[in-house]
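Here's a quick look at the overall build of a protein, followed by a closer look at one of its helices. Have the viewer open as you read.

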Amino acid sequence: MIDRLGKNYVLKEHEIHYPENYDFKISHYVYFLEIYPEECKVKGKAIIEYEGKNLLLHARHFQIIKLTLNGEEAKYSYDGEKIVIQGEGKEAEIEYETKPVLGLTFKRLKDYVEVATTGEVDQARNWIPILDDPGVKTTTEFYITVRKPYIALSNGRLINQEDKGDATTFHWIMDKPHSPYLNSLAVGVFSKDEEEWEGIKIEDYLPKGHEEFFWNLSSVKKAMEFFSSYTGVKYPYCRYAQVVLFSMNGGMEYITSTHLTWRTLHDKVADKVYSSENLIAHELAHQWFGDLITTKDWPNIWLNEGFASYFEALYVEHEKGKEEFLYNLYSKWKGYQEEKERYTRPIVCRYYKWGDELFDRHTYNKGALFLHKLRNFLGDETFKKGIKEYLERFKYRSVDTEDFKKVMEEVSGKDLTFLFDQLVYSAFNPVIGVEDGKIKTDVEVDVKVGKDIKKIKPKEDIFTADYVCVDPNFTSLAEVEDKQSEEALIRESNDEELICRIRAVTSLSRFSDFKAIQTLKERLENDFWGVSYEAAISLGKIKNEEALNALLLNHDNPKVMVGIVKALGEFKFNKKAEEFLLTLLDAESYHVRAEAISSLGKIGFTDAKEKILKHFEDESYVDIVPSAVIEALSYFADDESFKFVVDRGVRNEKETIRASAARNLWRFGDKSKEYLNFLVKDPSPIVRGATIKSLEELKMKDLLRAIVDNEDEELRNRSNALRILYKLG
């Protein structure tokens, strides 16, 4: 029986959503904006060119100064959220003022205020009057006036930059149709770097004073060349900008002008563990999947996010090879599995309260994994041919999943109903059970027996083989329960295929004898880093003395060391583990140092506390070391640690450290509630979101309900809080 709704996803607040129909058609918007950063204010005039009647525009918390239709005073209604202009018209003009609470962020920095759009879904309505529907595509034009030395960035081409004494007006035009949420604004004091690829301008903007980090963004040229080649559709615009902002906590693919988080800025030490390349590739891929063609409505958002996530992985495959690619997909799978423990839903789902709820791992991770399955089912060349046809047929238009499915069917000559019905339109999650000589599966799956690949139908099959490896190319979207014998798993751990070795090392955590541990130690010391990392995690699950001894290793890859150090945190009150972790407090890698600090807190020996505290002032990538100090102290949970977390964490000026305090305060029990009441009103949505973990653990339903009911809270925080309220009952 196919599950059409999933489990634990649909809430009583959810409604079913379909695309809207309108009695008008908008062709072009022109906006004249004056930005006042210090006052957090926008003065604007909007001209909307359209045909039809009863024009509907979204405009949130606006003060309407003047509204005309065809040059005359208009009859209209406005409820603080929507403007409805009565009668037929061709041109509406609206003068307004607003101080946006959402959608346009005013972030005070040391020398200036950064102003930037930071969100998706229905955020455009917070700073411009617009029909805020992803299925409606128009062209746009912005005249943005800011005082010097600010500059204003937006979409498309910069037509003119007019000097007005102590101010400058920047005239931007985006002459290709695009969805409302893809309009952007970034006002700040930036340094610029520029290059070109086949006549296309590539512009990078960093906050003034951070010029040393331009190299962090340099992979975009290679990614642009790869995506243009793979899709068969050259980058479709004249310009691509990457704008790094302190108000961003991720990336947002505004058309031709992507906004990137300040977390992309990192030095060579951090680069050994963290790279900007995946984020850069993901956001660039959106210029094809999300911008050139766009989801018709939010239920089909996987057509944006699942595609960008998979093409990010394809770029990894192109640049770093098959094993990095497969481990990227495996990591996506693990993330999806974590979410699946909480709820399941179809990839295309029409039930939600806020569109932001759909931006989850079903959309990103499972969407990407479905495309991988489709690519392998059709073959690489057919898949690429279908992608090219899809992009060319629907460019500058809005699409739904059926549009994509029909193109892939036409190109391949195959009926794909069963694939889409099972894995996109339903919450079906296949399970494959593997025991010695037996496989139980409810889907067709590839199985490697020796050097051969066999297709197994949905039934029990019996083999005579040393071991079998299920789904070596990772295309089944199935949960594999590998319960082969220890001897079979040991043999599987030496398979040439990465996924086989990962399945073996994760399954060997079921055993605790010498042979299993020696096998895991061998994989830890001599394998691709992702396999070594998973072997370390398995040793941490075994938790005996032999497993500990295998982990006491200074690996030369800091990514593997992060896994080793994380695993050592499982050895509660173990002196040998503590002593080894203490030697890593001065590790070069910020990530290793931070993980060592967190694990020392988990182990629980208070004699390590003073040594941990010495690292609170360490300079590190995105403050991960001082944030780890806060986390470690929360495990000790004593009064002295509590005082430090409050004084140096809750009251810290850095949102990264405040967020760590907010996330970990719950371990101190009821005495932390007073401070959570404070943090839930923090200016940073990141900090406010981090409090939700502590509110959940302390069952503070009143504060969770206050988040849900706060109309001016970030919608992802509201939806997270709502789901937790249901969990708490």
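## The whole protein

How much area does the protein expose, and what share of it do carbon and sulfur atoms supply? About 29,200 Å² is exposed, with 46% of that coming from carbon and sulfur (Shrake-Rupley, 1.4 Å probe). Before going on: this is a predicted model, where local features need pLDDT of at least 70, side-chain atom pairs count only at pLDDT 80 or more, and totals for chains, interfaces and linings use all residues. Numbering runs from 1 along each chain as its sequence is written, and side-chain values use heavy atoms, with hydrogens and water left out.

There are 25 helices and 29 strands (DSSP runs: H or I of at least four residues, E of at least two). The C-alpha trace spans about 85 × 65 × 55 Å along the principal axes. Of the 729 residues, 61% are buried, meaning under 20% relative accessible area with a 1.4 Å probe, protein chains only.

## Zooming in on H12

Helix H12 covers residues 514–525 and reaches 16 Å from first C-alpha to last, close to the 16 Å expected at 1.5 Å a residue (1.5 Å times one less than the number of residues). At its start, a side-chain oxygen of Asp513 comes within 3.1 Å of the backbone nitrogen of Lys515.

Buried in H12 are Ala516, Ile517, Thr519, Leu520, Arg523 and Leu524. They sit on the same side of H12 because their arc around the axis is only 160 degrees, taken from the directions from the helix axis to the C-beta atoms. Their cover includes helices H10, H11, H13, H14 and H15.

How values were computed. Buried < 20%, exposed > 50% of the residue type's maximum accessible area, 1.4 Å probe, protein only. Contact = heavy atoms within 4.5 Å. Polar contact = N/O pair within 3.5 Å; in protein donor to acceptor, adjacent residues only side chain to side chain.
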